[in-house]
Amino acid sequence: MFNSELRLLNAYLYKDFIAITTTVQHKTGQSASCRYFDCNQQEIPNSTWQSSFFPLNTVYCVRRAGAKYVSISYQDGGFYAKPPVPLIFRAFDEPIHELGMCVGPFYGPEKRWLTLIEFVEHMRIYDVSMFYFTIFDIDGYSRLAMDEYERQGLAETTVIQTEYEQLDWMFHLIQLHDCFHRSRSHSKWVINADIDERFVMLQPDQTLIQLLRSQNENVGELNFQARRIQKTQSSPEKFTNLLDAIENLEALKFKKTAKTRIWESSKSIYRPEKVAVQTYHHTHLQYPGVIVKNIPRDVAMFRHYRVTTVSNSIGNGWIYGDNFTDTGLEPELEKLLVSRVVNMVQHIYGSENISLSLFSIVPLIILCGKKGSKNKTLSKNQGNPAPVVPPPQSDAPKSVEPAAPQEAPKTGEDSKAEKPNNEMSINAAFEMNKGEKSTTASVFV
């Protein structure tokens, strides 16, 4: 990493400076020169400015009139990283988003399409309006979901390309520092977490946005404890039908929760403009006068779904013994999550394979939880599902009696044709939920 080829990632233009991120990681203080280019990518004469790496893969530069692209070199007038990268505007008077999310890098062979959708829809319930994705490596099937969120204006993506055949968690700091700058001035508060980590509020009369708005101006970071949920299976390779997708949602499938030491796996929500250096789980250095607060576990926390066993001690000693307890989401939150995931999964992967409309699956969703239960910890916009056109016009979900799925009118020979297997399985599950108990039906209880 420290001897990597010098490649540029992004360059961010703020009101007072420019930050350039790279794929190489140097010790703090390694000298570097800022190079400036016009709109035709021609270098501006006599514009070089001496700087240094801080921290690791970031170089700070002064602003230059007429500069549209930038690059860096190790020496004045010497070789510079090519091609120069365009300046990304971040000189906003006020942040565009109140709450954004820096998502840990994507890498490894596991298919993440369903986990990605579940993660995004879960966090959107808590008013996250912008997701900053970083890709080391991702399969094309899962990329469909990521591209759709970006198309809808809900995400920005950075793809990291290096001379190495494969990247892993050792390159995580590259992602952290680039996302730190990408979110700066763009989102007021930023959650730093991976896609297997889900935030939950536990106080019935407070939302996450209310918690953030209640903080004094000198608060730059909130730390939250985590609970580890044992994940025993990988996500499905591809979409087959809605019932299978629902059964494989991590929030429904995995409940065994491990005991963890209090702050060993904490995660943070921070304000980028008040922080100088970000690291894996929390900020490393804040500007003078900025304070960090720890939020008690009975107020809010993260649920971390991870493949674990007692023998591997979660890889880093964060599980102690086999004292598991079953925990899950509140019924109203669970219902809302399932409905949003179903909507988005069908929109992206099911348009050609499913004859079943969203409204046929809603009765199954309603059966999760008790009648009349309310979850006041959800946001005021909780009823808006994933933005598929045309969007539903309903507000927060209300407990209603499930209506039996409606069959399509039968005419002529069509009345003798068999229904698609997908519709038959869901209707069967619905009937079993109304009466007899079954393995399939238990998913929705």
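Which residue does Arg 198 form a salt bridge with, and how far apart are the closest N and O atoms? The partner is Glu 250, and the closest N and O atoms are 2.6 Å apart. Arg 198 sits in strand 12 and Glu 250 in helix 6 (residues 250-253), so the pair ties together parts of the chain that are 52 residues apart in sequence. Both Arg 198 and Glu 250 are buried. Keep in mind that this is a predicted model, and every value here is computed from it.

**The chain as a whole**

The protein chain has 445 residues, and 53% of them count as buried. Its secondary structure comes to 9 helices and 21 strands. Take the contacts between residues at least 6 apart in sequence: 77% of them join residues at least 24 apart. The chain exposes about 20800 Å², with carbon and sulfur atoms supplying 50% of that.

**A sheet of 7 strands**

Start with the open sheet of 7 strands, which has mixed pairing and runs in the order 4-3-6-7-1-2-5. Strand 4 (49-52) and strand 5 (58-61) stand at the edges with a single partner strand each, so one side of each has no neighbour in the sheet. On average, neighbouring strands here are turned by 35° against each other, direction ignored. Further in, strand 1 (residues 8-13) pairs with strand 7 (residues 85-89) in the parallel sense, over 3 bridges. If you want a spot to look at, find Leu 13, which stands opposite Phe 89 in strand 7.

**A sheet of 5 strands, with helix 1 packed on it**

Another open sheet has 5 strands in the order 12-20-14-15-21, again with mixed pairing. Its edge strands are strand 12 (197-201) and strand 21 (325-326), each pairing on one side only. Helix 1 packs on this sheet, touching strand 12 and strand 14, and its direction makes about 25° with that of strand 12. Strand 14 (residues 226-231) and strand 15 (residues 256-258) run antiparallel and are joined by 2 bridges. Arg 228 has Ala 258 in strand 15 as its bridge partner.

Helix 1 itself covers residues 113-125, and its 13 residues should span 18 Å at 1.5 Å a residue; the end C-alpha atoms are 19 Å apart, which agrees. Of its 13 residues, 13 are buried, so the helix is largely enclosed by the rest of the structure. Just after it comes Asp 127, with a positive phi near 75°.

**Salt bridges**

Side chains of opposite charge can pair when their charged atoms come close. The count in this model comes to 21 salt bridges. Here are three of them:

| Pair | Closest N to O |
|---|---|
| Glu 98 and Arg 213 | 2.7 Å |
| Glu 121 and Arg 124 | 3.6 Å |
| Arg 198 and Glu 250 | 2.6 Å |

Glu 98 and Arg 213 link distant parts of the chain: Glu 98 is in strand 8 (residues 97-103) and Arg 213 in helix 4 (residues 208-213), 115 residues apart. Glu 98 counts as partly exposed because its relative accessibility is 28%, while Arg 213, at 57%, counts as exposed.

Glu 121 and Arg 124 make a local pair within helix 1: they are 3 residues apart, so about one helical turn separates them. An α-helix has 3.6 residues a turn, so residues three or four places apart point the same way. Both Glu 121 and Arg 124 are buried.

Back to the opening pair. Arg 198 and Glu 250 also belong to a network of salt bridges that links them with Glu 110, Arg 112, Glu 118 and Lys 231.

Definitions and conventions: Residues are numbered from 1 along each chain as its sequence is written. This is a predicted model: local features need pLDDT of at least 70, side-chain atom pairs count only at pLDDT 80 or more; totals for chains, interfaces and linings use all residues. Side-chain values use heavy atoms; hydrogens and water are left out. Two strands pair if DSSP finds at least two bridges between them. Helices (H or I, at least four residues) and strands (E, at least two) are DSSP runs, numbered from the N terminus. Axes are lines fitted to C-alpha atoms, for helices over the stretch in contact, and angles run from 0 to 180 degrees between N-to-C directions. Buried means under 20% relative accessible area, exposed over 50%, partly exposed in between (1.4 Å probe, protein chains only). Contact means heavy atoms within 4.5 Å. Accessible areas come from the Shrake-Rupley method with a 1.4 Å probe; for residues, only the protein chains shown count as cover. The expected span of a helix is 1.5 Å times one less than its number of residues. A salt bridge is a side-chain nitrogen of Lys or Arg within 4 Å of a carboxyl oxygen of Asp or Glu.
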